[in-house]
Structures are given as C-alpha cells and as structure tokens.
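I opened this entry to record what I looked up, going from the interior to the helix contacts and then to the backbone.

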Amino acid sequence: MIDSIGHYSKFENGKFDILNLPFKFDKNIDWNYDKFGKLWAYNLTYFEYLKDKNDLWLIYDFIDNIQNIKDGLEPFPISLRCINWIKFITKFDIKDQKINDSLYAQYYVLLDNIEYHLLGNHLLENGFSLLFGAYYFQDDRLYEKAKRILQNELDRQILLDGAHFELSPMYHQLMFFRLLDCINLVKNNSYKQDYKFENLLCLKASKMLTWLKNITYANGDIPLLGDSANKIAPTSAELYKYANSLNITPLNLKINRSGYYKINRPKYECVVDICDIKASYIPGHTHADTFSFELMIDGKPCIVDSGISTYDICDLRSYQRSTKAHNCVEINGLNSSEVWSSFRVANRAKVFSVVKKEDYIKATHNGYRKFGVLHTREWKFDDDKLIIADSLNKKCNAIFRLHFHPNITQEMINNMLNSKDYKMKFNTYDYASEFNKTQKALFVEIKFEQFLEVEINL
C-alpha cells in the first residue's frame, strides 16, 4: 500500500497529546480515562498516535486489559482502532498471533454491533473498517458486509455535488480520507478483484475531491461550518496529494445540493450557508447557523465561524451551536433551529425562495415561524465590498452579529463597517479553531427591528 497520512494525536516520551490535552499516566495506562471527557477517551483508544515500531507495546497493553475496557469497545472506536492497528502491523511487517486473535475478535464484535442506530459517519466508518478487516484476514463474511454498507451509504451520504451529507467540512475531510484509504487498500491487494465496486469507490472519491476543492479556501483552510475544527482531519492539501497518488481526479461539478456557496473575487472569498438542516435524520453535527457566512480577505481570515472546542453536554457546547455564536440574525433571543443536548435538533429552519447569481444571493428561512417571522437575507458581491441586507416581514427584536478573527482589531472593523445608519456594540468571544483551544476575539452586535443593510468595505 501507498503510505497514508499521519495523525495529530501523539505519543512521545510516555505522554499522550490528544485534542490539545496532554497527559502522562503515572504508572499503568488507564484505557478508560475520562477526566477529559468521552471524546478524549475515544481518541485514546483509536491508536492514531502509533508511529514507531517501539510503540507495539501499547497494543499489547490494550489487549492485556481488554476485559476491563468500556468506551473503547464501542463499535466506533473499534472501527478506527482496527484500521490503525492493521496499518501499523502491516507497515512494520509484524506477524503476531496474539494481535491477530484480538483483531479478529474485535471485528466480530463490530459485526454484531453495526451502528445502524446512529447511521451517518459512524456507519460509514464501520463499513470502511470491515473492508480493512476483510482484506487483512481474507474473510468473505466481513467483505460482503463491508461492501453492502459502503454501497448503500456512499450513495446515501455523498450528495450530487460531492458533499458529505452531514455538511461539516471537517467530517467531509475525514470521510474522504477513509475512502482514499479503502481505494488504496483494494488497488494494492489481490484478495478481491471486484472492479465494479472499486470503480464505485473511485467515483465517489472523485466527487468528494471536487467538493473539497470547491469549498476549500485558496490558502488551504476550510470554513469551520457546522462541527468543524482544525487539526482533526488531514488538511485539504494532504488529501489532494493522496488522491493524486491514487489517480483520483476531480469532476466538473459545482456546489449546489449541499447548500453552501463560495464566491471568489480577486480580493476575497466568501462562503455562504443557505443549507437546510442535513442530514435530516441525523443532524447532530449541525448548528443553528442558517444564513451564516465566512469572509477571507487577501488569503487571511476576517469574518469567521466561531468554531467548536468540545462535544461534551455543557453550556459551552450549547453556545457554540447557537445562532448567537454565528454570523446570523437572532430574533427574540432564540435560535433559528432548536439545537439541544450535544447532538440534537428539534424544530428546524427551512430555506426557500433561493436566488443565486454570480454577484448576488438571496434566500428566506422560516426558523422563527412561531413568531410569524420570516427572515430574508441578501448578499451583494462587488470587487471592493460586500453588502448584507436583512429584512423581516414584521417588526421584532432582532440582533445582527459578525464574528471576527483574533487578528482583526476594532480599528480595522470600524474602517470596514463605518456607517451612520446603525450603532455597533463591540464585545469579545472565544474563537475556537481547534478542540480545547480558544482565543479571545471581537464580535459586533447591531440591533434592528425590521430592515438592516450592512456594507463591508474591503
């Protein structure tokens, strides 16, 4: 197999560094360690930090303690861990019956606990991993289950414009990465010669590559829309290189079905969110961010999504998914879609009356229909300015917000938004570009009742 891509989790000098939270166990590794939350505990058992052959003892330690492990034996961490173990032992040509026995047993635990109840990226990861297990053990039962899952879910989860249907650029990168790994696997092993299935994987990869190229900024960053953060998935540049090594090429597709649009001008790039909540039956990674947008000027972030730093059920998670944490209009102090718990959404905003032109986008949503309010937003794109016009069909208490990157000062904002037609209120927020890492940055609020036009001079 072609070498794959490294991971951000690290294990060096006896210390784990996971999700920006380093930790060193005093004696034995506690594979159930949950003081940093379940996501950290999950990542501990993914084994994405395996690097040197000397790290082999970590696998043995996990196997020796497997009877006492809890979260790490759920289907999702099993899926990721088994892929990482197979990559590791294959790379270093390690042939060990103890590891093989544990791997095989874990695959059959996974086979009996496929995450049909969660669906989405979880089910895809189950399928990707089962394919690795099938090739490693040359197991037809694992292969047929993997093939069935991947055929069904890739058709369901990859939209016509190539976007992963959960509409998180970060998860798109993750799913694309795993798909490329599977293509790498089937192209470079002789266990199965199923060209029809291989062609399906390659076609979906070409579509995903196309969308990633369409949504990624010129400087290589992705917009942090939905549940997206940096240093979780491989970068777009790494994925482009990996795809090229496998002869995966982009298609002539434009962003449409996903509901994100990217406007490119010589001086700036703007990504606009006019999405309905997707996927409708698994919206856990979506936010109440209808009509939010990001603005990149001269290759540097200016107006940004406030980001995410945690998946824990807490006030911070609720805030980061809320309308007030995005570049949106909040009405009567409520969210445009009812996000709750950590991954739940109740009543959702529905987008309609969409008009798209080269220099103009207009759409309406009904997220505040309980008040009888419809919100219409227009974006007008000139070479040297961006105009945002918001209108409501009735008067109410509305707040327009813009969140700026930490490098943007109040003086710079005043120069961009200088106007006598409205009064700006400055405040600070915690910009989260990575998990468990925030920076103070400025945001502005503008109160209005029915109509507001904001001109952003560039």
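What follows are my notes on the cores, two helix pairs and two backbone angles.

**Entry 1, cores.** I kept in mind throughout that this is a predicted model. I began with the largest nonpolar core, which has 105 residues, and I found that Phe16 and Leu131 are those with the most contacts inside it. When I asked which helix gives the most to this core, I arrived at α7, residues 169-187, with twelve residues. I then went to Phe16 and, leaving aside its neighbours within four places in sequence, listed its contacts, among them Phe11, Leu21, Phe23, Trp40, Leu44, Tyr49 and Leu58. Lys10 and Pro22 are also in contact with Phe16. I noted as well a second, separate core of 42 residues, which includes Tyr261, Ile274, Ile361 and Tyr368.

**Entry 2, α2 and α3.** I looked up how helix α2, residues 56-64, packs with α3, and I recorded an angle of about 140 degrees with the axes 11 Å apart. The cut-off for roughly antiparallel is over 145 degrees, and α2 and α3 are therefore oblique to each other. α2 passes α3 in a left-handed crossing. On the α2 side I listed Leu56, Ile59, Phe62 and Ile63, and on the α3 side Arg81, Trp85 and Phe88. By class, I have six nonpolar, no polar and one charged residues in this contact.

**Entry 3, α6 and α8.** I turned next to helix α6, residues 140-157, and helix α8, residues 195-215, which pack at an angle of about 35 degrees with their axes 11 Å apart, and whose crossing is left-handed. From α6 I wrote down Tyr143, Lys147, Leu150, Gln151, Leu154 and Asp155, which meet Phe197, Leu200, Leu201 and Lys204 in α8. The residues of this contact divide into six nonpolar, one polar and three charged.

**Entry 4, backbone.** I checked phi last, bearing in mind that most residues other than glycine have a negative phi. Asp93 has a positive phi of about 50 degrees although it is not a glycine, and I placed Asp93 in the loop between α3, residues 75-91, and α4, residues 97-111. Is Asp93 buried or exposed? With a relative accessible area of 55%, Asp93 is exposed. Ser341, likewise not a glycine, has a positive phi of about 50 degrees, and Ser341 lies in the loop between β9, residues 339-340, and β10, residues 344-345. I entered Ser341 as partly exposed, because its relative accessibility is 30%.

Notes:
Residues are numbered from 1 along each chain as its sequence is written. This is a predicted model: local features need pLDDT of at least 70, side-chain atom pairs count only at pLDDT 80 or more; totals for chains, interfaces and linings use all residues. Side-chain values use heavy atoms; hydrogens and water are left out. Helices (H or I, at least four residues) and strands (E, at least two) are DSSP runs, numbered from the N terminus. Buried means under 20% relative accessible area, exposed over 50%, partly exposed in between (1.4 Å probe, protein chains only). A nonpolar core is a set of buried Ala, Val, Leu, Ile, Met, Phe, Trp, Tyr and Cys residues joined through side-chain atoms within 4.5 Å. Contact means heavy atoms within 4.5 Å. Axes are lines fitted to C-alpha atoms, for helices over the stretch in contact, and angles run from 0 to 180 degrees between N-to-C directions. Angles under 35 degrees count as roughly parallel, over 145 as roughly antiparallel, 65 to 115 as roughly perpendicular and the rest as oblique. A crossing is left-handed if the near helix is turned anticlockwise from the far one by less than a right angle, and right-handed if clockwise. Ala, Val, Leu, Ile, Met, Phe, Trp, Tyr, Cys and Pro count as nonpolar, Asp, Glu, Lys and Arg as charged, and the others, Gly among them, as polar.
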